[in-house]
Amino acid sequence: MNAPQPIAPHSVAAIAVRPGEQTEIELKLLVPQGILEKLREMPVIVQYARNRGVIRRLETVYYDTPERALFQSGMSLRVRRSGKHFIQTLKLLPDATRPLARRQWETPVDSMTPDLTRLPIAEIGDPVMTLAPDTLARVFATNVRRHARQLNLPDALVEIVFDEGTIEAGTRQEILSEIELELKRGNTGVLFDLGTQLLDAAPLQIGTRSKAERGYALAFDVAQPATKAKPVSITAEHAVDDVIALLVGACWHHLLDNYAVAKEGSDPEGVHQMRIALRRLRTICALFQREIPSPSFEAINSEARWLMRQLGQTRDWDVFATTLLPRLVTTTPEVDLGGLREAVERRRKSSCGALQVVLTDPRCNRFLLSLGHWVERRGWRNEIDSDALAVLPQPMLTLADRILARLHRKALKRGAHFRHLDADAQHDLRIGLKKLRYAAEFFLSLYATHAPVKRYVARLARLQNSLGRACDIASSRSLLGSIRQDDETALHLAIGTVTGWQARDQIAVAKTLRKRWRRFKATPSFWGR
């Protein structure tokens, strides 16, 4: 059983290609170097593997135009050689509602040169339809030793692939060490079950970027951009159960889209968008737990709360450095803010380093896997009584009416005597309004024909933003308190300038807040009609 595995013979059967469009459903896990061998012999793999599997050496070249037309359209084109055979593959980015699924087309070709005429160009559309073959050029390549095994699991057939090798772009090179779990047949939830067992055995990280995305980043220094939440279209025909799956799935996709950005620190917006995704997720848990008291809502909410706190300090320093300081430089040019900027940057860098440790920690990656598993298995159905189960198949509109009415009443109650609210009461109101805004946005498409809906959401958003600005002022005071411990005269002068400027800003914010609160209170609701 421990004998070396054979290299696959160079036969057509070794790389059989299914014609036409396929949908690849795959979970990727990044593996520290030197650990792959240990994971190959895990009991769950040995127990369910059909055989010892097949080892291949794969050479793959990725192609694009000089303007990166395919990359700009969310496509990748590659030709892969395995022995004497060549396979051309065109892949698309994952669908917004299925982050593990990618559409792709595969076809044999005669050499390592792509042949677009063998693809269903009309079906794929632009830019492939309008590309001239001579405009394609090599962009980067991968050289991989792949060990693939088929696992006959109880609910699914899964191909587990152990890849180790390199990504090469000119003189640049990046190590590749990863596991891919591809669903061949059965329930997608099995991928998360297996992924969690692998994570229990080694410090793996969920992989959110394909080899193509990593290759473009290496070749062109293309930083993955942070992305905002994509809208979810809910209709009157959707049942409550389906709406929970759609909303939580969108949050999970939003988290995955920004996970690598936040981990690499390439764009502060990545941390911000992860926090938004977690706030939206926690709001979903709160909205539905009242009607469907599944313990899983609290379990997911608890881990989301933990991760939000870990992201919080980095986000606070990002806001201070990228928003507050530039405004101060513009409005107070006579004050030397160099020392303050350096002190802020040191703390910001320190918090980013601490966050990277958190994001690579098994707890964070286990949470991301468990969230995907929760969606696929619809875990909120577990441990609830018959009354709660009866809610799940009901149309969403009636429950949406109740949720929005309850949150609106709660917000008005918290905002009573608005002028006299202290900082803590304002914070509570802000949290309530944020839940109301997210709920309104979640269910917006159910009320698209109601005239007041856009005005209500717009006024709610403006009010929440003003409260957020007031919160940022309070947060920056706490950050300044930590900097004040540095014994530098110039630094203390700069801090005094910031404090005075904030006091003036707070007066203006308070005036705007009162006006926006009055407008929001006077805005008619759009539900229950």
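This passage describes the salt bridges, cysteines and surface charge of a predicted model.

Salt bridges make a good starting point, and the model contains 38 of them. In one, Arg348 pairs with Asp318, with 2.7 Å between the closest N and O atoms. Because Arg348 belongs to helix α10 (residues 338-359) and Asp318 to helix α9 (residues 295-331), this pair ties together parts that lie 30 residues apart in sequence. Both partners are buried: Arg348 has a relative accessibility of 14%, and Asp318 has one of 2%. Elsewhere, salt bridges with shared partners join Glu26, Lys28, Arg146, Asp163, Glu174, Glu178, Glu180, Lys211 and Arg214 into one network.

A further salt bridge brings together the side chains of Lys184 and Glu159, at an N to O distance of 3.9 Å. Here the link runs between strands, with Lys184 in β8 (residues 172-186) and Glu159 in β7 (residues 156-169), and the two residues are 25 apart along the chain. Lys184 is partly exposed at 37% relative accessibility, whereas Glu159 is buried at 18%. Asp110 and Arg118 also meet through their side chains in a salt bridge, this time at 2.8 Å from N to O. In that pair, Asp110 is exposed, with 62% relative accessibility, while Arg118 is partly exposed, with 34%.

Turning to the cysteines, how many disulfides does the structure hold? The count is zero. The distances help to explain this for two of the residues. For Cys251, the closest cysteine sulfur is that of Cys285, and at 8.6 Å it is too far away for a bond. For Cys364, the closest is in Cys352, and the separation of 15 Å is again too far for a bond. A disulfide would call for two cysteine sulfur atoms within 2.5 Å. Cys251 is buried at 3% relative accessibility, and Cys364 is likewise buried, at 0%.

At the surface, Arg419, Arg462, Lys511, Lys515, Arg518 and Arg519 form a positive patch. Which helix gives the most to the positive patch? That is α16 (residues 489-521), which supplies four residues. Arg419, another member of the patch, sits in the loop between α13 (396-414) and α14 (423-442). With a relative accessibility of 58%, Arg419 is exposed.

Another loop residue is Asp134, found between α4 (121-124) and β6 (137-153). Asp134 is exposed, at 68% relative accessibility. Between Asp134 and Ala277, the C-alpha to C-alpha distance is 43 Å, and the two residues are 143 apart in sequence.

Methods
Residues numbered from 1 in each chain as written. Predicted model: local features only at pLDDT ≥ 70, side-chain atom pairs only at ≥ 80, totals over all residues. Heavy atoms only, no water. Buried < 20%, exposed > 50% of the residue type's maximum accessible area, 1.4 Å probe, protein only. Patch = residues over 30% accessible without salt bridge, like charges linked within 9 Å, V, L, I, M, F, W, Y side chains within 5 Å. Areas by Shrake-Rupley, 256 points an atom, 1.4 Å probe, with all protein chains shown as cover. Salt bridge = Lys/Arg side-chain N within 4 Å of Asp/Glu carboxyl O. Lys, Arg positive; Asp, Glu negative; His and termini not counted. Charge placed at Lys NZ, Arg CZ, Asp CG, Glu CD.
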